[in-house]
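Thanks for coming, everyone. I have a few minutes, so let's look at it together.

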Amino acid sequence: MGMRRVYALNIGTRFYSTEQNVNGGTQMKVEINRARCKECGLCIHNCPKKCISKSTELNDAGYYPVQIDDEACIGCGICYTVCPDGVFHVLG
Ligand code: SF4
Ligand code: SF4
C-alpha cells in the first residue's frame, strides 16, 4: 500500500483541503473503511454533491456502509469532517 497523505484542515466551522485549493479538488480521492460505518447518514446529508449513498452489502457490524460515486466526488472532505466514526480518509 502506498503512502497516504491527508490534506484535511479544519478551520473553525469551515473545511478546506490544501489539494483542493491548489487543484480545484479534481485530484482528491476519498477512501471508505466500510467496517466502521454505522449508517448514521450524516455524510449523506452533508455531501454537497450528493454522491454518497448506502451500499447493499452488510458490514460485519450489521450495517449497510456508505459508498461514493467517485466521478461526482469533488474531494471537499466534508464527509471526513462530519463522520463520527472515522470512516473516511481523504487521499492525495
Ligand atoms: S469528499 Fe465531498 S464530494 Fe466527495 S463524498 Fe465527501 S462530501 Fe461528498
Ligand atoms: S457519517 Fe460515517 S458512520 Fe455515518 S453514515 Fe456516513 S460513513 Fe457511516
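I'll go from confidence to overall layout, then the core, the ligands and some single residues.

First, the ground rules. This is a predicted model, in which local features need pLDDT of at least 70, side-chain atom pairs count only at pLDDT 80 or more, and totals for chains, interfaces and linings use all residues. Residues are numbered from 1 along each chain as its sequence is written, while chains are lettered from A and ligands numbered from 1 in the order in which they are written.

Now confidence. pLDDT is the predictor's confidence in each residue, from 0 to 100. The protein has a mean pLDDT of 80, and 68% of its residues reach 70 or more. Among its elements, H2 has the highest mean, 98, and strand E2 (residues 14-17) the lowest, 41. Be careful with residues 6-26, where pLDDT stays under 50. The model still has 36 contacts beyond four places in sequence for that stretch. A contact here means two C-beta atoms, placed from the backbone, within 7 Å. Where pLDDT is low, predicted coordinates should not be read in detail.

On to the layout. The protein has 3 helices and 6 strands. Helices (H or I, at least four residues) and strands (E, at least two) are DSSP runs, numbered from the N terminus. In order from that end, they run β-β-α-β-α-β-β-α-β. Take the contacts between residues at least 6 apart in sequence: 64% join residues at least 24 apart.

How much of the protein is buried? Of the 92 residues, 23% are. Buried means 20 or more other C-beta atoms within 10 Å of the residue's own; exposed means 12 or fewer; partly exposed is in between, with C-beta atoms placed from the backbone.

Next, the core. A nonpolar core is a set of buried Ala, Val, Leu, Ile, Met, Phe, Trp, Tyr and Cys residues joined through C-beta atoms within 7 Å. The largest one has 15 residues, and Cys43, Ile52, Cys79, Cys83 and Phe88 touch the most other members. Strand E5 (66-68), helix H3 (78-82) and strand E6 (88-91) each give two or more residues to this core. H3 gives the largest share, 3 residues.

Look at Ile52, in strand E4 (residues 52-54). Ile52 counts as buried because 23 other C-beta atoms lie within 10 Å. Beyond its neighbours within four places in sequence, Ile52 is in contact with Cys43, Ile44, Cys47, Val66, Ile68 and Cys79. Cys83, with the same kind of neighbours left aside, is in contact with Leu42, Cys43 and Phe88.

Phe88 takes us to E6. Which residues of E6 are on its covered face? Phe88 and Val90 are, whereas His89 and Leu91 are on the uncovered one. In a regular strand, side chains alternate between the two faces of the sheet. E6 pairs with E3 in the antiparallel sense, over 4 bridges. Pairing means that DSSP finds at least two bridges between the strands. Across from His89 in E6 stands Glu31.

Now the ligands. A residue is near a molecule if its C-beta atom, placed from the backbone, lies within 6 Å of it. Ligand 1 has 14 residues around it, and Cys47, Cys73, Cys76, Ile78 and Cys79 come nearest. Its shell has 11 nonpolar, 2 polar and 1 charged residues. For these classes, Ala, Val, Leu, Ile, Met, Phe, Trp, Tyr, Cys and Pro count as nonpolar, Asp, Glu, Lys and Arg as charged, and the others, Gly among them, as polar. The residues surrounding ligand 2 include Cys37, Cys40, Cys43 and Cys83, along with Glu39 and Gly41. That shell has 8 nonpolar, 1 polar and 3 charged residues.

Glu39 deserves a second look. It is in the loop between strand E3 (29-32) and helix H2 (42-46). Its phi is near 60°, a positive value in a residue other than glycine. Glu39 has 15 C-beta neighbours inside 10 Å, so it counts as partly exposed. Lys50 also has a positive phi, near 50°. Lys50 is in the loop between H2 and E4, and it counts as exposed because it has 11 C-beta neighbours inside 10 Å.

Last, two more loop residues. Pro84 is between H3 and E6, and Asp60 is between E4 and E5. Pro84 is exposed, with 10 other C-beta atoms within 10 Å. Asp60 is exposed too, with 7. Pro84 and Arg36 are 48 residues apart in sequence, yet 9.7 Å apart in space, C-alpha to C-alpha.

That's my tour.
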